[in-house]
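Student: Could we go through this structure together, with the reasoning spelled out at each step?

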Amino acid sequence: MTAASASVVATAIDPAIGYTAIALVTLATALIGFFAVRLSRTTSDFYVASRTVRPWWNASAIGGEYLSAASVLGIAGLILFEGAYGLWFPIGYAAGYLMLLLLVAAPLRRSGAYTLPDFTGARLASRRVRGLTTALVIIIGWFYIVPQLQGAALAMTIATGLPPWTGAAAVALIVGLIVAAGGMRSITYVQAFQFWLKLTAVAVPAIAMLLVVSGRDLDAAAAEAFPAALGPLAADPLAVTSLVLALLLGTLGLPHVLIRFTTNPDGAAARRTTLIVIVLLALFYVFPVIIGLLGRVHAADLAQPGTADGLALVLPGRLIEGPVGDVLTALVVAGAFGAFLSTSSGLVVALAGVISQQVAGGTVRGFRLAALGSTLVPLAVVLLIAPAGLAGSVGLVFAFTASTLSPLLVLAVWWRGLTARGAVAGMLTGALACALALALGLLLGPAGVADAQLPSTVVSLLTQPALLTVPLAVTATVVVSRWGGQRPPAGVDRMLARLHVPEPR
Amino acid sequence: MSESTESPRPPRVRVTAPRPGEALDLPGGDDERGPAATASRAPADAERLLVRSLMRSQLRVAIVSALGFVLALAAIGVLAALPALQSTLIAGVPAGWLVLGFAAFPPLVAVAGIATLAANRTEAQYRELTGADDSERGIP
């Protein structure tokens with residue numbers, strides 16, 4: 001964001017409100033976190049909360065962890081900035097959990113593994129698969145934390161007028177401390193609280209704004225606010241298909257999502273939890289869509305790359321004057337900060353679990369050190385590079401996950417013929433193809449479209465490559481498993497039985 | 001776990017961390033699986049066939065449900081793009097935008113609910129076939 005656009009947005013909010021809201025949500029998070037520390041006693045408390053978490057709590061916690069800056073701020077901003085194309089994002093974010101429910105929820109819980117590398121390494125009896133999965137989990141986690149911290153930087157600037165780095169640094173500091181202190185057990189309660197905070201923070205302002213504008217004549221502004229050029233017909237079907245594929249499949253490979261399923265008591269509970277998550281997400285995503293549509297009518301001036309993501313923060317104060325508007329603004333600021341805190345801490349828990357098991361033998365001390373490391377690297381990245389749109393950057397992480405870990409997980413759960421070589425080939429192919437496409441898209445995309453040198457279809461596929469890279473990764477996995485000269489691991493039948501056979505009643 | 005999930009709170013279990021490089025002792029050797037799974041036994045062929053048919057049934061549930069949702073999504077995309085819905089305004093918003101913004105969520109919840117029921121039913125049938133209702137986990 002440029003300094004000028006930041007100040008335009010910043011003047012919209014009274015800094016006192018911003019400080020109060022941020023202080024309150026941080027205090028609440030810290031109190032719940034530190035209270036729960038007293039309950040954290042063992043290593044397994046740290047890693048999976050000793051599997052005592054029940055479906056409603058767990059579903060709220062999964063929702064709280066999943067709803068990131070991209071959901072709370074990014075979707076409304078994208079609808080304002082890109083029009084109807086942005087409406088596909090909430091659908092994909094929510095429907096990713098359907099794929100998770102259908103393909104991996106119960107089997108992963110039954111595997112008994114509690115990190116992704118544990119699962120893939122054990123399923124294929126291969127250290128190499130385990131190591132490569134670890135590397136991918138770390139890369140995906142870091143890149144997913146980056147937009148959270150960027151969102152924090154934006155929200156801090158809008159809410160208080162402080163320079164952007166303070167928001168990123170504050171969130172990184174709080175998350176590192178809470179995770180290092182309490183591990184998974186404290187985080188579960190923090191996350192569950194965060195879901196309901198975030199739902200309130202988008203629902204109450206959205207409903208209040210609907211009530212305020214309901215008396216006005218809105219039809220006159222419709223042609224300008226909802227132009228056909230940005231409408232549902234205008235979106236390139238290929239780009240939409242590729243995006244939806246990335247969002248649908250990407251969710252099931254996200255490390256912070258998967259680790260949560262290991263905290264269910266059994267496979268059926270994992271499925272029930274996922275179903276509740278889908279209901280909660282479907283409820284939540286109604287409101288960012290409302291805010292985005294309202295923004296197209298009432299805040300068209302914010303529809304620029306640097307300011308669109310601030311829409312959800314600024315709009316309540318614009319439409320509703322006086323103390324009520326102030327309170328609603330404070331609520332959204334609190335919810336947005338909640339989002340940065342909860343998603344980042346969920347990711348840090350997942351990363352710290354993976355890293356500390358790989359290098360520190362799974363001790364509590366190793367977990368704490370890894371938690372600090374997992375926070376500092378993304379913070380350094382945020383302080384060095386310029387931010388892009390929140391929902392867009394998260395969408396790229398989904399594409400990368402959908403091209404690497406997701407195909408491997410699905411095949412590992414359902415296909416007996418998968419081999420370690422096939423898994424390695426698939427992960428490498430997906431990762432390289434996806435990274436290459438994204439890099440080419442960034443380099444060639446804007447210029448190529450401007451000069452009409454590249455067809456827009458090619459640019460769409462380079463900037464959102466899942467439609468190419470997912471089939472490529474699956475093909476590489478299957479071909480190398482079949483003809484790569486390696487047999488499936490010896491215990492494969494017993495392993496698959498373990499994944500699919502229901503627990504005794 | 002041997003006790004019902006409806007008890008007030010499931011007991012805390014200690015989960016042990018595998019060391020890197022050590023093969024994770026998953027098949028049958030884990031601690032929280034109950035006695036049935038702890039003893040590792042050679043899989044009988046009949047049971048292996050049963051497990052395969054269970055997997056096929058569950059995969060069919062997954063694929064049919066996923067296809068159902070994707071078809072619903074495609075229909076919503078086409079419906080939202082109809083020119084007639086761009087000119088019809090509801091509360092100042094073209095109907096096509098509203099369809100795309102909100103119509104996908106009811107089918108999503110419906111498919112998820114049906115798929116959960118179907119998967120649970122498949123597992124119940126498997127339990128009946130193997131007589132695993134009481135204490136024996138049907139694992140070979």
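**Two chains, question by question**

Tutor: Chain A contains 23 helices and zero strands. Please keep in mind throughout that this is a predicted model.

Student: How many helices and strands does chain B have, and in what order do its elements run?

Tutor: Chain B has five helices and two strands. Read from the N terminus, the order of its elements is α-α-α-β-β-α-α.

Student: What share of the residues is buried in chain A, and what share in chain B?

Tutor: A residue counts as buried if 20 or more other C-beta atoms lie within 10 Å of its own. For the 505 residues of chain A the buried share is 67%, and for the 140 residues of chain B the buried share is 34%.

Student: Among contacts with a separation of 6 or more, what percentage in each chain is due to residues 24 or more positions apart?

Tutor: In chain A, residues 24 or more positions apart supply 83% of the contacts with a separation of 6 or more. In chain B, the corresponding figure for contacts with a separation of 6 or more is 56%.

Student: Where does Asn58(A) lie, is it buried or exposed, and what is its C-alpha separation from Ile276(A)?

Tutor: Asn58(A) belongs to helix H4 of chain A, which covers residues 55-66. Because 26 other C-beta atoms lie within 10 Å, Asn58(A) is buried. Although Asn58(A) and Ile276(A) are 218 residues apart along the chain, the separation of their C-alpha atoms is 9.3 Å.

Student: How many residues of H6(A) are buried, and what is the reach of this helix from its first C-alpha to its last?

Tutor: Since 16 of the 16 residues of H6(A) are buried, the helix is largely enclosed by the rest of the structure. Helix H6 of chain A spans residues 88-103, and at 1.5 Å a residue its expected length is 22 Å; the reach from first to last C-alpha is close to that, at 22 Å.

Student: At what angle do helices H19 and H22 of chain A pack, and how is their arrangement classed?

Tutor: Helix H19 (residues 405-414) of chain A and helix H22 (residues 466-483) of chain A have axes 9 Å apart and pack at an angle of about 45°. An angle of this kind falls outside the parallel, antiparallel and perpendicular ranges, so H19(A) is classed relative to H22(A) as oblique.

Student: Which residues make the contact of H19(A) with H22(A), and how do they divide by class?

Tutor: From H19(A), Pro407(A), Leu408(A) and Leu411(A) meet Val470(A), Ala473(A), Val474(A) and Thr477(A) of H22(A). By class, the residues of this contact between H19(A) and H22(A) are six nonpolar, one polar and no charged.

Student: What is the handedness of the crossing of H14(A) and H15(A), and at what angle do these helices pack?

Tutor: H14(A) passes H15(A) in a crossing that is left-handed. Helix H14 (residues 267-298) and helix H15 (residues 311-319) of chain A have their axes 10 Å apart, and they pack at an angle of about 60°.

Student: Which residues of H14(A) and H15(A) meet, and how do they divide by class?

Tutor: On the H14(A) side, Pro288(A), Ile291(A), Leu294(A), Gly295(A) and His298(A) meet Leu311(A), Ala312(A), Leu315(A), Arg318(A) and Leu319(A) of H15(A). The residues in this contact of H14(A) with H15(A) comprise seven nonpolar, two polar and one charged.

Student: Where is Ala125(A) found, and what is its phi?

Tutor: Ala125(A) is in the loop of chain A between helix H8 (116-123) and helix H9 (127-160). Ala125(A) counts as partly exposed because it has 19 C-beta neighbours inside 10 Å. Its phi is positive in a residue other than glycine, with a value near 45°.

Student: Where is Ala91(B), and is it buried or exposed?

Tutor: Ala91(B) sits in the loop between strand S1 (89-90) and strand S2 (93-94) of chain B, and although it is not a glycine it has a positive phi of about 50°. Since 12 other C-beta atoms lie within 10 Å, Ala91(B) is exposed.

Student: With which residues is Val99(B) in contact, leaving aside its neighbours within four places in sequence?

Tutor: Val99(B) lies in helix H4 (residues 95-102) of chain B, and it is buried, with 22 other C-beta atoms within 10 Å. Its C-alpha is 8.4 Å from that of Gly77(B), 22 residues apart in sequence. Leaving aside neighbours within four places in sequence, the contacts of Val99(B) are Ile76(B), Leu79(B), Ala80(B) and Leu85(B).

Conventions:
Residues numbered from 1 in each chain as written. Chains lettered and ligands numbered in written order. Predicted model: local features only at pLDDT ≥ 70, side-chain atom pairs only at ≥ 80, totals over all residues. Axes fitted to C-alpha atoms, helices over the stretch in contact; angles between N-to-C directions. Helix = DSSP H or I, 4+ residues; strand = E, 2+ residues; numbered from the N terminus. Parallel < 35°, antiparallel > 145°, perpendicular 65-115°, else oblique. Contact = placed C-beta atoms within 7 Å. Nonpolar A, V, L, I, M, F, W, Y, C, P; charged D, E, K, R; others polar. Expected span 1.5 Å × (residues − 1). Left-handed = near helix turned anticlockwise from the far one by under 90°.
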